[in-house]
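Biologist: Please show me the model, and then let us go through its salt bridges and its enclosed space.

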Amino acid sequence: MANKKQIGVWMDTQQATIVGRLEEGGNIEMLGVVNGEANSSNSSEKTGNNQEKTLQVKYFKEIATYLQNATLVHVTGTGQAQEQFIHYLEDTPQFKNLATAECTSNKMSDERLIEFMADKLN
């Protein structure tokens with residue numbers, strides 16, 4: 001994947017840490033952190049579900065801003081958030097040619113995430 005922008009994302013439902021290699025032969029570095037918004041309580045289950053979906057899409061869009069012109073993204077994390085995010089990318093026209101990979105991992109330090117993604121993105 002020489003001369004290609006490669007991104008690694010660790011995420012759960014509330015926070016995503018984005019690291020990546022932005023140029024050929026470059027080092028993997030921290031690109032940013034995105035925090036999801038908590039869903040406030042609602043008296044209606046339907047309203048609560050709609051708000052949850054809206055907040056999730058907003059969270060995914062914020063993460064996706066780091067993926068502009070990427071050719072590969074490796075998503076990892078806990079739970080089902082990474083799977084939902086990959087489906088979001090597949091359903092978004094600008095990311096239809098983006099190669100994706102996923103795995104499950106526990107929360108790790110930024111330094112450990114950079115090491116982890118260096119292995120996955122080679």
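Modeller: What follows is a set of questions and answers on this predicted model.

Biologist: How many salt bridges does the structure hold?

Modeller: Side chains of opposite charge can pair when their charged atoms come close. One such pair is E37 with K58, and another is E115 with R112. The number of salt bridges in the structure is 2.

Biologist: How far apart in sequence are the parts that E37 and K58 tie together?

Modeller: The closest N and O atoms of E37 and K58 are 2.4 Å apart. E37 lies in the loop between β3 (29–35) and α1 (45–64), whereas K58 is in helix α1, so the salt bridge ties together parts separated in sequence by 21 residues.

Biologist: Is E115 buried or exposed?

Modeller: E115 meets R112 in a salt bridge, at 4.0 Å from N to O. Both residues lie in helix α3 (residues 110–120), about one turn of the helix apart. R112 has a relative accessible area of 40% and is partly exposed. Exposed means over 50%, and E115 has 53% relative accessibility, so E115 counts as exposed.

Biologist: Which class has 3 residues in the lining of the largest cavity?

Modeller: Rolling a probe the size of a water molecule over the atoms shows where empty space is left. The search finds 1 cavity of 30 Å³ or more, with a volume of about 30 Å³. Its lining consists of W10, T17, K107, M108, S109, D110 and L113. Of these, 2 are polar and 2 are charged, while the class with 3 residues is nonpolar.

Technical notes: Residues numbered from 1 in each chain as written. Predicted model: local features only at pLDDT ≥ 70, side-chain atom pairs only at ≥ 80, totals over all residues. Heavy atoms only, no water. 1 Å grid on protein atoms, 1.4 Å probe; cavity = no way out; pocket = protein on both sides within 12 Å on 5 of 7 lines; lining within 4 Å. Points joined across faces, edges and corners; volume = space filled by probe spheres on them. Nonpolar A, V, L, I, M, F, W, Y, C, P; charged D, E, K, R; others polar. Salt bridge = Lys/Arg side-chain N within 4 Å of Asp/Glu carboxyl O. Helix = DSSP H or I, 4+ residues; strand = E, 2+ residues; numbered from the N terminus. Buried < 20%, exposed > 50% of the residue type's maximum accessible area, 1.4 Å probe, protein only.
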